[in-house]
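Trainee: I should like to request a close look at a single part of this model. Would you please take me through the sheets of one chain and their setting?

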Amino acid sequence: MSGIELLLEYLTKYFPILLFIFVALAFGVVTLLISYLVQPKYPEPEKLSAYECGSEPFSDARMPFPVRYYIFAMLFVIFDIEVIFLYPWAVVFNDINKVSIIGLVEMLVFIALFLVAYVYAWRKGALEWD
Amino acid sequence: MQPLIETLMTRFPRAVLSVEADTARAEVSVRIAADRLIEVARFLHDAPEALFDHLSDICSVDYPEDRQRFEVVYLLHSLPYRRRLRLKARVPEDNPAIASVTGIWKGAEFLEREVYDMMGITFSGHPDLRRILMPEDYAEGFPLRKDFPAEGRGWRSQFDFIPRLDEAPVEQTDSEIPERDKQAFRAEAAPSSSRRREELLLNMGPQHPSTHGVLRVVLELDGERIVKATPDLGYLHRGVEKLSEGLAYMQIIPHTDRLDYVCAMANNYAYVRAVEKLLGITIPERAEYIRTIVAEMQRIVGHLFWLGTQALDIGAMTVFFWTFREREVLLDMFEKLCGARLTLNYYRIGGVDSDFTPDLVLRLKTFLDTFPEKVKEYDSLIASNRIWLGRTKNVAVISAEDAISFGCTGPVLRGSGVAYDIRKEEPYGVYDKVDWEVPVGKNGDTYDRYWIRMEEMRQSARIIRQCLDQLPAGPIIADAPQYIPPPKQHVMRDMESLIHHFIIFTQGLKPPKAETYCATEAPKGELGFFIVSDGSARPYRLKIRSPSFVHMGAFDHMARGYLISDIITIFGTYDIVMGECDR
Amino acid sequence: MTELSLRLAVSLAQIAAVMGVVMLTVMILTLAERKVLGWMQDRMGPMEVGPYGILQPIADGLKLFFKEDIVPAGANKFMFSLAPILAMVPALIGFAVIPFGPSNKFELFGITVEPFVISDINIGILYILAFASIGAYGIILGGWASNSKYSLLGGLRSAAQVISYELNVGLAIVGVLILAGSLSLVKITEAQSGGFWHWYVFALPAPQIFAFVVYVISAVAETNRVPFDLPEAESELVAGFFTEYSGMRFAFFFIAEYANMVLVSCVAAAMFLGGWNAPYPGTILEHVGLGQFAWAENIAWFTVKAYLFLFLFFWLRATLPRLRYDQLMKFGWKVMLPIALGNIVVTSIAVYLFPR
């Protein structure tokens, strides 16, 4: 397939998706807009105050939050990238001409490496919430 | 008791001022010098022959005419010896201060704060002496003093009103709570350095879906972990104790309905028992049976309500609807019995209001036949559910020692392995005539308390069934013409009844000059009424010892170190009702 | 040029149909959930609006549409408005690659139309996973922009939860990818035709039953449903990340949640339960000679499978209590992840030993 044809193929495949994203966004924005125009507006300080169970908040809610969340976010990024590497392999592995012991062993080694990182994180207590 | 009193008098000759033994009501009170309180209290708590390990309540009474104006009354209770003792100390008006006993009984912290709040007596050595039921900035003085008018002093007329919609909106002011006001909710004082604190102060309540009413707890959080939990009570404070001082004894009964509004009957029962103890009248047998049956029905209702809400807090919503289905059946019976469903008013001083009808007995028996199956049904949803176990086991653990020291009672205390149930210890009603057991837990965690309440429902059903089988015939109200109004048909026919009726309803019944404390096992724990009578038709002082309030004193202790999600299970496991807590 | 506008028209029609169906399903779901829960809990559910309350979703929708939309004083207005859209759009556009029925291509004025899938791209499932992650941004932004501590905690919880379980979803489907040899949901579904024993949840040589369980549990967690509804745990965080939201913005979060439920149900049906394939070879309509209407039967099967899943969501909600946050994370990382990983190893070895 030449470059142009590939591009055209991509365009026909992905054009509906782009269109869908656009339509969904437009739906969201337009609905909000119309709703904004028809709704009543009676602002008053008590109504606009942030909810904190009826008491006056002690402090602004935008404050540093615990590092635990970041650790999980980082673990996710690391492991998720490894998972993404599994996908192309998974797709071609079962191909009738390509099933081979090399593909299997390579991936088992990769998963073993994954496991090393996982066990390390576990032993270090990174998977504990506390 | 006598040897102990003698030991007390020989060991503390200068501290013990007098001993009043009320033989008719089997109560002893010891008047001591206020400056010797700590040593006497320490002795009573520690000495092997005393062991008053449980502080039921601290009450204060105002005698404006006396030179030593205020009296502080400590209601002590010894769990090992099953006896009670009242310790009284007087303090003068110009310096109303007394030593704090928080070092001896941990539960004294909240009780002393209440006395301070209501009567203005300061406790030296108290860790956190602030107002507890009244607002922090309350400016009218101390409401339970006799010179305080029941209608207040006009403080509320200064309140701002919420602006109306057609008015111009008020400019938003960005007010930050000063650091000074936050200190009370911090686990430790803020460091003097400029290091920014990582902990987050979060209000939970009063407007929160699962604080079981208008309870506010200020949480100091480290992530989702609780560093300190400070309950802020009083949002539902109605001044029932102050109101009672202006009402005749019979008129107070409806006010007790609104204490623990989930279990109104239990409050009625506790109150009328206290008044009967004060009056010294005996109750006909049939009335005793009926009272016991109704009290146990109410216990089932209360526990069903608790189970539903506790399960809902943990997220199991179906249990809630299923328990309300059975609760409805019982409420229907209450409606048949006395016309109301929630704020029931069925107990009378000297008996009950109306007799059981055969139809009601039949309904009740039918209910009892199906009820154990229903309890099994709830259990099938949660009892062996791993999530439920994970959420309740080893959560909010309180040791037996701490539970006693904090003055916990009811399922909370029994969950920690202390078999204290007033129905067994000081039997009233007909609890000593029927077979039943007191379930006791081991670990003092939420699961044990859950198990105990489930078991108590089964035991209550057992008690009701036996009572129904034994139910004797006879009158349902005591015959004591000077205290109890005669039946209506008599009033219409004979002169003497008419006169009694007239006197009771115009002047009220007049108990002898005395004081008494009477404890009843309500579904939530020990509900006690301490009544001081000056011989008039109105109580001179009425103090309600509500289990929810005392349990809130242990809240911080139980919550520390757990997660936000566990806070919810603690509200549930206390079975807290703010109407009773704030009174 | 006419071809382009024709494609545009066809695509728009498809998009309109899919969005209509999804919105309708969401409406049905809100009612069905309340009804099913009601029946399970010995009550009737909504009964007031219309006969047996069937018009309730319309009433709810209208109410939310005309309701005052409050923006808290301290909120970041732009982010606050953006968050609900950011939550809803990914939930909707995921349906672009879901095959609702067989790929009966036909020619329309010279262009090929696949009526039951908007676009059959070769990275279908990857596309859904990618956009599902964007939904988490909507939640965390909503929580942060509200300037309320309850919202913030809900948003944080949600972000950590969604990414943790996202990983498990990603791992759970690798087994299916090995068996199918494709990322396209259309091809995955087609590979499962010929009876329920060809569905990947049962298919030899490596039944994906464990992967299926991991996927279902993770899907429930990813959509923030009971017993994993911690981000919006009512009894703790009031309403979690959408505590401050009202009116139409609130409705968007609500639609996002339900649309996500539908989406994960559709993906589960397509990947593990044979998608639009009937549990027997071929279709009944084909056998009786009405082959041109076989697609109707296929769509019916797809709908049944998706709705069975949705029923499972309701059922779980009526049965289970809520996990605590540390338990949730522990379960995701220490139980689900090893199972999913083990499944990949077992599947790849089985496929190697018994190649197609």
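Mentor: The account below treats chain B, with its sheets as the main subject.

This is a predicted model, in which local features need pLDDT of at least 70 and side-chain atom pairs count only at pLDDT 80 or more, whereas totals for chains, interfaces and linings use all residues. Residues are numbered from 1 along each chain as its sequence is written, while chains are lettered from A and ligands numbered from 1 in the order in which they are written.

Let us begin with the chain as a whole. Chain B contains 21 helices and 15 strands; helices (H or I, at least four residues) and strands (E, at least two) are DSSP runs, numbered from the N terminus. Its C-alpha atoms fill a box of roughly 80 × 65 × 60 Å along the principal axes. The radius of gyration, taken over C-alpha atoms, is compared with a globule rule of 2.2 Å times the number of residues to the power 0.38. For 583 residues a compact globule would have a value near 25 Å, and chain B, with 24 Å, therefore agrees. Of the 583 residues in chain B, 51% are buried. A residue is buried if 20 or more other C-beta atoms, placed from the backbone, lie within 10 Å of its own, exposed if 12 or fewer, and partly exposed in between. Two residues are in contact if their C-beta atoms, placed from the backbone, lie within 7 Å. Among contacts in chain B between residues at least 6 apart in sequence, 66% join residues at least 24 apart.

We now turn to the sheets. Strands of a sheet pair through backbone hydrogen bonds, either parallel or antiparallel. Two strands count as paired if DSSP finds at least two bridges between them.

One open sheet of chain B has 5 strands in the order S1-S2-S5-S4-S3, with mixed pairing. Strand S1 (16–22) and strand S3 (54–62) of chain B stand at the edges with a single partner strand each, so one side of each is left without a neighbour in the sheet. Neighbouring strands of this sheet are turned by 20° against each other on average, direction ignored. Within it, strand S2 (residues 27–32) and strand S5 (residues 83–91) of chain B run parallel and are joined by 4 bridges. B:Ile32 has B:Ala89 in S5(B) as its bridge partner. Helix H3 (residues 108–119) of chain B packs on the sheet, where it touches S3 and strand S4 (70–78) of chain B, and its direction makes about 10° with that of S3(B). Axes here are lines fitted to C-alpha atoms, for helices over the stretch in contact, and angles run from 0 to 180 degrees between N-to-C directions.

Another open sheet of chain B consists of 3 strands in the order S8-S9-S10, with antiparallel pairing. Strand S8 (200–204) and strand S10 (225–232) of chain B are at its edges; each has a single partner strand, so one side of each lacks a neighbour in the sheet. Strand S9 (residues 216–222) of chain B pairs with S10(B) over 7 bridges in the antiparallel sense, and B:Val218 has B:Thr230 in S10(B) as its bridge partner. Helix H20 (residues 564–574) of chain B packs on this sheet, touching S8, S9 and S10 of chain B, and its direction makes about 150° with that of S9(B).

Finally, there is a hairpin formed by S13(B) and S14(B), with 2 residues between them. Strand S13 (residues 514–522) and strand S14 (residues 525–533) of chain B pair over 9 bridges in the antiparallel sense. In this pairing B:Cys518 stands opposite B:Phe529 in S14(B). S13(B) is mostly covered, since 8 of its 9 residues are buried.
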